Amino acid sequence: MAYSLATSQSFVAVGANSTPHAADWCHASNTIAYAAGRLVAVWRPLRKRGLCATLKGHADKVNVVCFVGRGWLLSGSSDCTVRVWKQTEEERWECVQVLKDHAGAVNTIAIHDTTIATGAADGTVCIYSFDSTSTSPIPILQQTIKTAPLYPLAIALTSLPDTSLLLALGGSSTSIKLYTRSPEFTFSEQATLKGHEDWIHSLAFTHDPSSNNDILLASASQDRYVRLWRITPVKTEQESTEQTRAQTLEAALLTGVTTTSSRRSQVFCTTSGTKFSASFEALLLGHDDWVHSVSWRPARDASAELVLLTASADTNLMTWSPDPDTGIWVSTARLGEIAAKGSTTATGSSGGFWGGLWGPNGAEVGTWGRSGGWRLWKASSEEEGWEARGAVGGHVRDVKAVAWEKSGAYLLSTSLDQTTRLYAPWTKEGTWHEFARPQIHGYDINTISMVDSWRFASGADEKVLRIFDASKAIVGLLERLSLTTKAEGVEDLPEAANVPLLGLSNKAMATNTATNDPNKAEAAAPGVGSVLDTLTTPPLEEHLQRHTLFPEMAKLYGHGYELISVAASPDGRYVASACKASTPEHAVIRIFDMRDWKEVAILPGHTLTVTRIVFSGEGRWMLAVGRDRSWAVYERQSEAEGGEAPYKLVRNQVKAHARIVWDVSVAPAPEGEQEKDEGLVFATGSRDKTVKIWRNYGCTATIKLPEPVTALEFSSSTLDGSLILAVGLEDGRIYVFNGKQEVGEGEVEEWNVVGQVENVHDAAITRVAWRPRTAGEEGEGWMLASGSEDCSVRIYDINFAKKG
C-alpha cells in the first residue's frame, strides 16, 4: 500500500546564544528574533505556542540579530557573513542576500534610517546604504573603516542636529571612538572617549527630551560600570564650558552614582562645520559583574522620561532614570535574582544575563541568559511593579538524545549544555512547553533513557551512570496542567529535590522545608513543593532552574571512559550502558539491576565504542551497534538458566556496514504474537549512507540515502500492517519509510519513501523517537520527536494518507 505524508511542526525548543547582541525586538510587529546556534529563531511573545520559525542558512554560530523596520531582518555570524532576510508571509522568511565583505566573525550591527554598520573580528566596520521601502532594497557597501587593533564589539548610530550621522564604536579597548559623516561624505574619526577600564560590550544613543539638541550615549563594559556621555552643539567656548555639569562628592557617595566631573569635554567638528562637544555625564554603579547590554526605553512622546535598561552577568536587569530634583542618575528597578556567593549554573543560578530589550511602548522588558531561556516582565498596574510572563527557551549546545515517557505523556531531552529537560503539553492551551529541568549537571550529558514512567537514567562524560526519580511536586504539576489521567506509582516518590552549593548530586528533600542553617541542603531552595503547587501556567525560567530538579536515586560505576549509550529494558528491571572505547576491553556493555543498583553482567561483542543500545518491545532481545561497523544481538535468559547474566550474546555481524554504524532499531512483533527468534526484524543506519533491514540475522533490504544516516527508529505501531521507519541524516533531513511487517519466502522486500518531514533541522540528527501510541490507535495521532546538533528539539505531527 502506498501512502503520502503530511507533516506540521507542533513544537520547537532552542536556546538563545550567549552574546550581547543575540536578539532584537521589532516593536511594529511585536516580534522577537534571536540567535540560536547557527539558526535565527523568530518568536511572537503574545502567542502561547512558542517559536513560529527557525531560519537556516548560516554555516557557523550567529552572533547578532537586528530588525530593519518591519519585515526585514539582518543576522551576523562567525561564518563572516551578514544575511538579509525578508518576511514573505506571516511566519515565513526568505534570505534575499548574503553580505561577504568581512573576513572575521560579525559581532555587532547598528541601523539608522537607511544606513547599516557592521563590525567584525577582522578589525573593520562596513557601512552600507539600505532602503527597505524601495522596489529592490539591496544593501550597497559604501565604506570600510579599519579599526584594528581595536576589534569591534559594539556599534551605535544616530543623527546629529545638523543632519550629519554620528557613529560610536567600542570593543577590545577601554575607549570609545566617535565618527561623523555628512550625507554626501564618508565617516571620519573625530574624538575618543576614555574612562572605562575594560572592554566595551554595548553602546546606545538617545536624544535628551530636556534639551532639543543634546544626545546621550550609554556604554556598558566588562569593568562592571555603565558610563553616560553627553554630546551637545557648541556655539562658543564659553557656552561649552557652561554646559559642563558638576555634582558634589557628597551626592555621589549618598547615591552610589558618580555624576559629571569637571573633566574637560572634547570638541569635534562635522563636515558641515558644526561643532559639538562630548563630555562625561555620569557613572552608574550597581552591577557586580560584567555589564553586557544597555538599551534606552522607546520614547512614548516628546517629553518622555529617560529610562535606561542594563543587563549584567550578575543575574540582574536594572532600570535607571535621572532624579527629577537633583538630576542624579539612580536605579529605579531591579529585576532578576540575587546570585549567592559561589553559586553557578549547576547549582541553580542562571549564570547571568547577556542582553536586555524593551518591548513595544516600553511596557515590557526581556532578557536571555546562559541557560538559553528567556525571561519577560510586563509593567503591572502597581507603581514601578513588574510581573513575570511566560517565555521560550531550550538547549544551547548539541542535543544528544530524546526519549519519550512509556505512555508518551512527556518527552525528555539531554544535551552537551549539561542539562536534561522535560517537555509536555499544556492541556488548557493545547501547546507544548518545558515543564521541568530534571538534571543540571557539571559534565556534558551524552545519553538518556526512560526506565519507567517516573524514572530515567543518564550518562555523561564523568563515566558515572546516574538514576533519577521524579518528585511528587513535579508529578503534581503535570497532573494539574498536562496529564489527562491521574498519575500512577507516585506514592513512594520523593517530595522534591535541590542541589547544595558546589554540589553535583540532586538531593531529595522534604517539601515546604525552610531553614536558616546555611549548611543544610534544604536552605538552598526552601518551599519547592509550595512554589510548584501555586503555578497555574507552565513554569517560568526561574522556576525551571531552581524548583524542578529530579532527586538522584543512585550512581552506578564501572566504566573507564565517558558514557556514550544507555538503554533500559521495557520492564524497567535492567539498565544497559556502554562507554567510549578504543579496545575490546572497554567496548563492553554493562548491565545493572534496578532492584539493588548492582552490576550483574559485562557483555562482550564489540571492539570499538558502542554507539547505541536498544531493547525489543517485550525485552527478549537487546541489540547494540558500534564504531567497529558491526552489530550484536543478545537474548534474555530466564532466572534459572541465566544465573547472574540476564542477557547472553547469541549473534554478531562483523562489517555489517562499510562505515560506522550510528543507530539501530527493532521492529515491533506482529500483533498478538510473542517475540520469537525467526521473527526478529531490525534496522541499522550507518555513515555509509545506507539503512539495512535485517530479518533472521540476514540483510534483506538496503535503503540508500543522500547523506550519512545518523539516527533511525521504528514506530511501535503499524500502519495497515506495514512497518513505519523514521530516518535522520547528517544534514538535518528526516525521511519516513514504510515496508511489510512480514515477508514471505522468496518474496522481494520493498521499502518505499512515504515522504520527507518539513521544517527540519540544520545539522546532524542525533536521535528520532516516535511517540508511543495506545493499542489499536489508528489514523491521525502520530508524533515524531527529534534532537539535533543544531541545539534544537522538535516535535512533528505526522499524518498518513493512502494514495489512490
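**Where does His-657 lie, between strand E49 (647-653) and strand E50 (661-666)****?**

Before solving, two notes on the model. It is predicted, so local features need pLDDT of at least 70 and side-chain atom pairs count only at pLDDT 80 or more, while totals for chains, interfaces and linings use all residues. Residues are numbered from 1 along each chain as its sequence is written, and side-chain values use heavy atoms, with hydrogens and water left out.

**Exercise 1. Place His-657 and describe its surroundings****.**

Step 1. His-657 sits in the loop between E49 and E50. Helices (H or I, at least four residues) and strands (E, at least two) are DSSP runs, numbered from the N terminus.

Step 2. With a relative accessible area of 2%, His-657 is buried. Here buried means under 20% relative accessible area, exposed means over 50%, and partly exposed is in between (1.4 Å probe, protein chains only).

Step 3. Look for polar contacts, meaning pairs of N or O atoms within 3.5 Å; within protein, one must be able to donate a hydrogen and the other to accept it, and residues adjacent in sequence count only if both atoms are side-chain atoms. The His-657 side chain has such a contact with the side chain of Thr-684 at 2.7 Å, and another with the side chain of Thr-690 at 3.2 Å.

Step 4. Now list its contacts (heavy atoms within 4.5 Å). Leaving aside neighbours within four places in sequence, His-657 is in contact with Arg-629, Thr-684, Gly-685, Ser-686, Asp-688, Thr-690 and Lys-692.

**Exercise 2. Find Arg-629 and Asn-759 and report their phi values****.**

Step 1. Arg-629, one of the contacts of His-657, belongs to the loop between strand E47 (621-626) and strand E48 (631-636). Its phi is positive, about 70 degrees, although Arg-629 is not a glycine.

Step 2. Asn-759 is in the loop between strand E57 (751-756) and strand E58 (765-770). Phi of Asn-759 is near 55 degrees, again positive in a residue other than glycine.

Step 3. Check the accessibility: Arg-629 is partly exposed at 29% relative accessible area, and Asn-759 is partly exposed at 47%.

**Exercise 3. Which side chains make polar contacts with the side chain of Glu-749****?**

Step 1. Start with the location: Glu-749 is in the loop between strand E56 (734-740) and E57.

Step 2. Its relative accessibility is 10%, so Glu-749 counts as buried.

Step 3. The two partners are the side chains of Arg-695, at 2.9 Å, and Thr-700, at 2.5 Å.

Step 4. Beyond neighbours within four places in sequence, the contacts of Glu-749 are Ile-693, Arg-695, Thr-700, Ala-701 and Val-743.

**Exercise 4. In what order do the strands of the open sheet containing E32 and E35 run****?**

Step 1. The sheet has 4 strands in the order E32-E33-E34-E35, with antiparallel pairing. Two strands pair if DSSP finds at least two bridges between them.

Step 2. At the edges are strand E32 (399-404) and strand E35 (431-440), each pairing on one side only. From one strand to the next, the twist averages 25 degrees; axes are lines fitted to C-alpha atoms, for helices over the stretch in contact, and angles run from 0 to 180 degrees between N-to-C directions.

Step 3. Zoom in on one pair: strand E34 (residues 419-426) joins E35 in the antiparallel sense over 7 bridges. Thr-419 stands opposite Ile-440 in E35.

**Exercise 5. How many residues are in the largest nonpolar core****?**

Step 1. Recall what is being counted: a nonpolar core is a set of buried Ala, Val, Leu, Ile, Met, Phe, Trp, Tyr and Cys residues joined through side-chain atoms within 4.5 Å.

Step 2. The largest one has 33 residues, and those with the most contacts inside it are Tyr-34, Leu-51, Leu-55, Leu-73, Trp-368 and Trp-374.

Step 3. Among the strands that each supply at least two residues of this core are strand E3 (31-36), strand E5 (51-55) and strand E30 (374-379). E3 gives the most, with 5 residues.

Step 4. Apart from this core lies another, of 29 residues, among them Trp-454, Leu-493, Leu-535 and Phe-550.
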